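Got your viewer open? Load the model, show the cartoon, and let's walk through it one selection at a time.

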Amino acid sequence: MRTIVSLEDVSLHYHSKNGETPAVSHLNLEVFQGEFLSIVGPSGCGKSSLLSMLSGLLKPSSGTISIDGEIGYMLQKDHLLEWRTVKENALLGLEIKGMLTPENTSYVEHLLEQYGLGAFMEQYPSQLSGGMRQRVALIRTLAIHPDILLLDEPFSALDYQTRLTVSDEIGSIIRKEKKTAILVSHDISEAISLSDRVVVFSARPATIKNIHTIELSIGEHSPMQTREAPEFREYFNRIWKELDIHVESEKTTTS
Ligand SMILES: Nc1ncnc2c1ncn2[C@@H]1O[C@H](COP(=O)(O)OP(=O)(O)OP(=O)(O)O)[C@@H](O)[C@H]1O
Ligand SMILES: [Mg+2]
């Protein structure tokens with residue numbers, strides 16, 4: 001297994017008028033090529049901060065990050081431009097990077113066709129469902145040929161039903177295109193069903209509490225089906241306990 005991302009003793013502090021906020025503390029982690037890795041952790045613990053460091057937007061305060069490949073970043077909101085067609089949206093990343101070659105354009109057309117958007121290329125985002133919009137956003141990210149996809153809660157704007165289907169779809173597209181993915185999710189089931197490994201973060205500053213290697217007896221099935229594997233519940237319960245958010249969630253459900 002080739003290591004594609006490696007974190008060595010990585011810490012991050014934010015500096016502001018009111019002092020220092022430690023966001024990430026002494027992280028050590030290796031991500032392997034082709035792996036689907038999820039990160040779960042309490043709200044505000046430092047998950048997005050880690051992705052910002054991986055994408056190069058922020059520099060770690062200390063420690064080393066090594067990345068052996070091109071990064072593509074997909075955010076929570078799809079950020080499609082309403083005045084551009086689906087195809088023009090999918091080409092946006094290439095345009096910004098000055099990579100709008102005929103080969104890359106036909107690669108995008110191929111992806112749009114392959115993933116059920118062929119008939120919508122000349123339409124506008126407002127004519128698409130939430131799941132289709134999310135697929136366009138993924139294709140826009142794939143267009144620049146990233147080796148590693150960073151996904152920061154990409155499904156959280158979708159309703160529950162759509163979310164199940166779309167996370168299934170996006171997961172299988174990523175596997176089919178043989179990408180390495182690092183997904184931040186607050187949905188434990190989603191993380192288990194999509195991933196090879198699930199990393200559990202502590203409350204801020206984020207440290208690694210545990211790493212679960214997901215092995216489900218159901219084998220190579222869709223993420224939706226893996227939720228039926230007998231081990232699924234065990235992983236869920238263990239991760240739920242580690243997240244240690246019971247008190248908070250009880251408060252919110254009874255209030
Ligand atoms: N630019 C910034 N300057 C100062 N503090 C920041 C900045 N960005 C984030 N923080 C703080 O760092 C901590 C971690 O934030 P981060 O966005 O990484 O958490 P998160 O795990 O992604 O949270 P969520 O689950 O809510 O998305 C939070 O306490 C946040 O307030
Ligand atoms: Mg976040």
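A polar contact here is a pair of N or O atoms within 3.5 Å; within protein, one must be able to donate a hydrogen and the other to accept it, and residues adjacent in sequence count only if both atoms are side-chain atoms. Keep in mind that this is a predicted model, where local features need pLDDT of at least 70, side-chain atom pairs count only at pLDDT 80 or more, and totals for chains, interfaces and linings use all residues. Residues are numbered from 1 along each chain as its sequence is written, chains are lettered from A and ligands numbered from 1 in the order in which they are written, and side-chain values use heavy atoms, with hydrogens and water left out.

**Stop one: the ligand.** Select ligand 1 and the residues around it (a heavy atom within 4 Å). You'll light up Tyr 14, Ser 43, Gly 44, Cys 45, Gly 46, Lys 47, Ser 48, Ser 49 and Arg 204. Zoom in on Lys 47: one of its polar side-chain atoms is 2.8 Å from an oxygen atom of ligand 1. Arg 204 also points a polar side-chain atom at a ligand oxygen, 3.4 Å away. With Tyr 14, the partner in ligand 1 is a nitrogen atom, 3.5 Å from an N or O atom of the side chain.

**Stop two: the strands.** Stay with Tyr 14, which stands opposite Thr 21 in S2. Helices (H or I, at least four residues) and strands (E, at least two) are DSSP runs, numbered from the N terminus, and two strands pair if DSSP finds at least two bridges between them. Color S1 (residues 3-16) and S2 (residues 19-32): they run antiparallel, with ten bridges, and a two-residue hairpin links them. Now add S4 (residues 62-67), antiparallel to S1 through five bridges. Glu 8 stands opposite Thr 64 there.

**Stop three: Ile 67.** Click Ile 67, also in S4. Which residues does Ile 67 touch, not counting those up to four places away in sequence? They are Ile 4, Val 5, Leu 54 and Ile 148, where contact means heavy atoms within 4.5 Å. Ile 67 is partly exposed, at 30% relative accessible area (buried is under 20%, exposed over 50%, partly exposed in between; 1.4 Å probe, protein chains only).

**Last stop: helix H9.** Jump to residues 230-243, where Phe 236 and Trp 240 sit four residues apart, about one turn of the helix. Phe 236 is buried at 18%, while Trp 240 is partly exposed at 28%.
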